[in-house]
Amino acid sequence: MNKFILPHTSASDSNLMHDNPFAWRWKHAEFWGRMPYQTKITPVLPRGNAVEAGGDQILLHQASVEDATDAAQKDFLVRVEKDKPDDLNEEEAIQYNDIPAYIAQLHRALHSDDFKELGLGKFISRQGFHKEIIPTQAGEMEFWGYSDWTFEEGTVDLKTTTAIPGIMRDSHAFQLGFYADMTGLDQYCLYCKPVGALTPTGKVSKAVGFAFRKLNKTQQEFVRSERIARAKHMAAMYSLSWEQAQYLTMPRDIGGFRWDDGLRELANKEWGILK
């Protein structure tokens with residue numbers, strides 16, 4: 001097999017290939033000389049990034065809930081390219097209006113006894129870049145990732161969600177297992193959900209809208225093997241012709257997660273599976 005320069009990958013890219021290989025092929029269609037297609041970005045993604053920006057203010061500048069919320073909402077407007085809240089569409093407005101509740105829980109989490117008990121030490125940096133070179137049968141593949149917040153004794157990755165899991169979700173373990181191998185530090189997901197700061201009667205809510213979930217050694221060892229296997233699978237896919245890759249990525253569950261109208265239309269053109 002001829003070796004060539006492979007596009008870099010990441011946890012989210014690898015998870016896309018695993019969950020929806022059809023969408024993954026069209027995302028990387030440029031590799032085969034075709035116009036790529038990127039699935040629609042919903043306002044959930046910029047909301048998550050905006051809440052993280054609010055967390056940066058809390059960690060870097062000891063910002064109050066109000067100041068961190070203000071920074072997060074401004075960040076959201078920039079990301080969705082709107083000048084003011086009145087310009088937001090309905091979907092964007094929902095996410096924008098949820099930011100204060102997310103920030104309230106994030107602020108509570110970063111000042112909680114649970115956080116102190118992790119013993120992470122001094123805050124070091126945000127958006128730490130990590131890279132691993134994975135040898136494959138088609139050449140070397142670079143695996144990239146950015147950890148949200150790095151401390152002396154561990155890293156914390158923020159996940160905004162509507163439901164807090166009992167253990168770290170598999171897709172998140174796949175991501176944090178990579179960070180663990182690259183840094184040698186303990187890894188934690190901080191799950192935050194938008195529990196309101198006040199109850200309907202105006203009292204301060206006692207509900208807990210956050211939880212820290214630690215990556216365990218079993219998860220780390222499993223995802224290490226999974227990461228290498230997926231990289232080799234991806235390299236094999238890149239070594240195929242467009243037509244060969246097309247047959248190996250026939251779409252499934254076109255009404256499910258990660259599908260939008262544009263992707264469904266591409267599936268219809270290739271396979272005639274829509275009426």
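**A pocket and two nonpolar cores in a predicted model**

The second largest pocket has a volume of about 200 Å³, where a pocket is an open set of points on a 1 Å grid over the protein atoms alone, at which a 1.4 Å probe fits, with protein on both sides within 12 Å along at least five of seven lines, and the volume is the space filled by probe spheres set on the points, joined across faces, edges and corners. The model is predicted, so that local features need pLDDT of at least 70 and side-chain atom pairs count only at pLDDT 80 or more, whereas totals for chains, interfaces and linings use all residues. Residues are numbered from 1 along each chain as its sequence is written, and side-chain values use heavy atoms, with hydrogens and water left out.

Lining residues (an atom within 4 Å of a point) include Asn15, Asp19, Asp170, Phe174, Glu226 and Arg230. Helix 8 gives the most to this lining, with five residues.

The largest nonpolar core, a set of buried Ala, Val, Leu, Ile, Met, Phe, Trp, Tyr and Cys residues joined through side-chain atoms within 4.5 Å, has 37 residues, of which Phe22, Trp24, Trp26, Met141, Met168, Tyr238 and Leu263 touch the most other members. A second, separate core of 30 residues includes Leu88, Phe115, Phe151 and Phe210. Leaving aside neighbours within four places in sequence, Leu263 is in contact (heavy atoms within 4.5 Å) with residues including Phe22, Trp26 and Arg258.

Ala11 is buried, with a relative accessible area of 9%, the cut-off being under 20% with a 1.4 Å probe and protein chains only. Beyond four places in sequence, Ala11 touches Phe143, Trp144, Phe174 and Gln175.

Notes:
Buried means under 20% relative accessible area, exposed over 50%, partly exposed in between (1.4 Å probe, protein chains only). Helices (H or I, at least four residues) and strands (E, at least two) are DSSP runs, numbered from the N terminus.
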